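Below is a short briefing for a reader who has not met this structure before. It covers surface patches, salt bridges and one helix.

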Amino acid sequence: MISMSETAEKLKLQLSGLSAKERAEIAYFLINSLDEDIDDNLETAWDTELNQRLEDIKRKTAICELSSQVFSELRDKYS
């Protein structure tokens with residue numbers, strides 16, 4: 001496991017004292033900062049995939065699973 005730097009640990013401590021709204025704003029900023037090099041082709045591919053899934057749902061051809069089952073399987077797999 002990678003250890004956090006002393007600076008990161010201090011930031012975590014300071015950030016934990018902020019309001020939920022302030023922490024959400026910082027989380028949004030940090031997540032967006034990771035997406036600096038967005039691949040337009042990847043974005044288009046995801047749009048295509050999501051549209052296809054939506055059409056499958058509308059045509060009632062989508063295979064659906066309960067979210068509780070999906071999350072349970074993911075917990076089992078990654079725990």
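In this predicted model, Asp-35, Glu-36, Asp-37, Asp-39, Asp-40, Glu-43 and Asp-47 make up a negative patch on the surface. One of these residues, Glu-43, belongs to helix α3. Glu-43 counts as partly exposed because its relative accessibility is 44%.

**Nonpolar patch**
- A nonpolar surface patch consists of Val-70, Phe-71, Leu-74 and Tyr-78, which together have about 410 Å² of accessible area.
- Val-70 sits in helix α4, residues 67-78.
- With 31% relative accessibility, Val-70 is classed as partly exposed.

**Salt bridges**
- There are five salt bridges in the structure, including the three described here.
- In the bridge between Glu-6 and Lys-10, the closest N and O atoms are 3.4 Å apart.
- Both Glu-6 and Lys-10 are in helix α1 (residues 6-15), four residues apart, or about one turn of the helix.
- Glu-6 is exposed, at 58% relative accessible area.
- Lys-21 pairs with Glu-25 in a salt bridge, and their closest N and O atoms are 3.4 Å apart.
- Lys-21 and Glu-25 are about one helical turn apart because they are four residues apart in helix α2, residues 20-34.
- Lys-21 is exposed at 61% relative accessible area, while Glu-25 is partly exposed at 47% relative accessibility.
- Glu-49 and Arg-53 form a salt bridge whose closest N and O atoms are 2.7 Å apart.
- Glu-49 and Arg-53 are four residues apart in helix α3, so about one helical turn separates them.

**Helix α3**
- Helix α3 has 19 residues (40-58), so at 1.5 Å a residue it should span 27 Å, which agrees with the 27 Å between its end C-alpha atoms.
- Lys-60, just after α3, has a positive phi of about 60°.

Note on methods
Residues numbered from 1 in each chain as written. Predicted model: local features only at pLDDT ≥ 70, side-chain atom pairs only at ≥ 80, totals over all residues. Heavy atoms only, no water. Helix = DSSP H or I, 4+ residues; strand = E, 2+ residues; numbered from the N terminus. Expected span 1.5 Å × (residues − 1). Patch = residues over 30% accessible without salt bridge, like charges linked within 9 Å, V, L, I, M, F, W, Y side chains within 5 Å. Areas by Shrake-Rupley, 256 points an atom, 1.4 Å probe, with all protein chains shown as cover. Salt bridge = Lys/Arg side-chain N within 4 Å of Asp/Glu carboxyl O. Buried < 20%, exposed > 50% of the residue type's maximum accessible area, 1.4 Å probe, protein only. Lys, Arg positive; Asp, Glu negative; His and termini not counted. Charge placed at Lys NZ, Arg CZ, Asp CG, Glu CD.
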